[in-house]
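Colleague: Could you take me through one part of this model in detail, beginning with its nonpolar interior and then working outward to the strands?

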Amino acid sequence: MADFDTIIIGAGPGGYVAAIRAAQLGQKVACVEGRDTLGGTCLNVGCIPSKALLHATHMLHETQENFQKMGLIGTSPKVDWTKMQGYKDDVVQANTKGIEFLFKKNKVTWIRGWATIPAPGQVKVGEETHTAKAIVIATGSEASSLPGVTVDEETVVTSTGALTLGRIPKSMVVIGAGVIGLEMGSVYARLGTAVTVIEYLDAITPGMDAEVAKTFQRILTKQGLAFVLGAAVQSVTKARKGATVSYKVRKTDTEATLDAEIVLVATGRKPFTGGLGLEALGVETGPRGTVKTDAHWQTNIPGLYAIGDCVAGPMLAHKAEDEGMAVAEVLSGKHGHVNYGVIPGVIYTTPEVANVGLTEEQLKAEGRAYKVGRFPFMGNARAKAVFQAEGFVKLIADAATDRILGCHIIGPGAGDLIHEVCVAMEFGAAAQDLALTSHAHPTWSEAVREAALACGDGAIHA
Ligand code: NAI
């Protein structure tokens with residue numbers, strides 16, 4: 001008899017959710033984790049600590065930019081970097097301890113150490129080999145650097161190093177205008193660092209709605225971030241103090257350099273599967289080393305499953321969680337399912353940026369007839385009251401059926417507002433369904449309703 005019904009490798013959002021759900025469904029479950037704390041990249045060195053720093057620096061920005069306007073007069077706060085780091089660490093600890101509590105509550109065994117899979121149905125941790133009916137690989141991802149760039153996590157850092165810099169740098173070059181680059185770039189720009197973002201493409205946040213990306217860049221520029229677009233970084237050379245970044249301007253094919261105290265490499269992530277022994281097992285992999293699975297997250301090896309950042313799809317904690325729940329259900333004889341068409345994406349800057357479903361660019365490429373309802377936060381009373389009236393909601397619906405196909409928001413609370421659209425899409429709603437739903441006044445969510453109204457007879461406040 002196997003030691004466990006299911007062994008999950010990795011206790012990030014994919015792994016720990018799979019473990020808890022499988023246990024709730026009556027399985028005997030173990031989860032292997034090599035870090036000293038549970039929660040994976042997200043809780044330890046990703047989503048959670050970055051949100052703590054984004055929150056703290058947003059508060060600072062408010063005191064500097066908006067307090068006076070609201071009649072709040074007084075000495076502006078000074079930054080105690082060590083204390084801010086301590087606050088961030090406390091937030092991380094509270095969350096990782098929370099997962100430990102949930103493991104105990106649900107009787108999930110935490111096997112501490114790094115796992116290998118010597119044979120199907122076996123997981124080796126240290127000297128001990130554990131057996132299981134099913135194994136789930138949920139080992140996540142790691143930062144992928146560029147050729148010519150050596151990360152030392154002190155001067156040339158990934159997001160991990162950027163969260164724990166010894167001091168607030170005077171200057172920073174961020175390579176890559178994706179999610180990590182813009183979130184961490186915002187943090188340091190608000191702390192007074194001169195931040196320059198170098199991006200290979202001609203626009204920031206590739207894949208995002210082009211109008212949103214343009215507005216987003218304009219707002220971030222106003223907040224002090226500088227952008228060099230259409231530039232491919234060639235190398236980073238460490239100097240006595242800081243480093244020099246060499247890049248090629250793609251249009252003119254000319255080379256240029258930029259010096260900075262810190263260089264943040266934010267050019268994407270890759271599956272973290274080295275050391276598991278997948279090659280020896282004959283596990284099939286796809287582009288960029290992603291583990292290949294079927295529609296039920298099973299690899300080509302029977303009984304071996306994979307979910308989260310190490311499989312295909314967006315590298316998002318909530319996508320991993322969804323897959324974690326679904327695979328646990330499949331392994332418990334139920335019908336786990338993930339609707340990949342309705343997975344929101346959020347950037348936690350100020351303003352927040354959020355999206356779900358299809359973009360206009362994608363619909364044009366598909367040749368599909370659609371209509372767009374736009375509503376600017378300038379017409380939203382609550383947004384004006386909090387100095388965040390610059391963005392907009394853009395709702396996209398099918399031209400013939402009015403069915404919602406996507407939504408793109410830049411504005412206050414965008415990361416929460418998007419979920420009303422996610423629910424609507426899950427129910428196959430039309431824009432009119434949102435438009436006919438009462439929304440409390442004054443709330444930011446009224447902007448979503450107004451965008452839905454704009455898909456029909458028109459918004460009221462625009
Ligand atoms: P990303 O894929 O979002 O962006 C990387 C950027 O680097 C791209 O715009 C790319 O064009 C650019 N780039 C690549 N090579 C370059 C070069 N040689 N010179 C200049 N630019 C170059 O990757 P990122 O920001 O590192 O994030 C990694 C993953 O983590 C993503 O999948 C992201 O979704 C996820 N993440 C999600 C968060 C959220 O949901 N809020 C927060 C942080 C990370």
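Which residues of the largest nonpolar core touch the most other members?

Modeller: Of the 38 residues in that core, the ones touching the most other members are Met172, Tyr188, Val195, Ile204, Phe216 and Leu264. Two or more residues are given to this core by each of α3 (47–65), α4 (81–105), β9 (171–175), α6 (179–190), β10 (194–198), α7 (210–222) and β15 (262–265). A nonpolar core here is a set of buried Ala, Val, Leu, Ile, Met, Phe, Trp, Tyr and Cys residues joined through side-chain atoms within 4.5 Å, where buried means under 20% relative accessible area, exposed over 50% and partly exposed in between (1.4 Å probe, protein chains only). Helices (H or I, at least four residues) and strands (E, at least two) are DSSP runs, numbered from the N terminus.

This is a predicted model, in which local features need pLDDT of at least 70 and side-chain atom pairs count only at pLDDT 80 or more, while totals for chains, interfaces and linings use all residues. Residues are numbered from 1 along each chain as its sequence is written, and side-chain values use heavy atoms, with hydrogens and water left out.

Setting aside neighbours within four places in sequence, Phe216 has contacts (heavy atoms within 4.5 Å) with Leu182, Ile204, Thr205, Ile347, Thr349, Pro351, Val353 and Ile410.

Strands β15, β9 and β10, which contribute to the core, also belong to an open sheet of 5 strands in the order β8-β15-β9-β10-β11, with parallel pairing. Its edges are β8 (156–157) and β11 (226–228), each of which pairs on one side only. Two strands count as paired if DSSP finds at least two bridges between them; β10 and β11 are joined by 3 bridges in the parallel sense, and Ile198 stands opposite Val228 of β11.

The residue Ile410, in contact with Phe216, leads to another set of strands, since strand β22 covers residues 404–411 by the strand assignment used here. An antiparallel pairing over 6 bridges links β22 to β21, with Ile409 as the bridge partner of Val393. The two strands form a hairpin with 5 residues between them, and in its turn Asp402 has a positive phi of about 75°. Strand β20 (residues 370–376) is joined to β21 by 7 bridges, again running antiparallel, and Pro376 has Phe392 as its bridge partner. Because 7 of the 7 residues of β21 (residues 392–398) are buried, this strand is largely enclosed by the rest of the structure. Phe392, Lys394, Ile396 and Asp398 point one way from β21, Val393, Leu395 and Ala397 point the other way, and all are buried.
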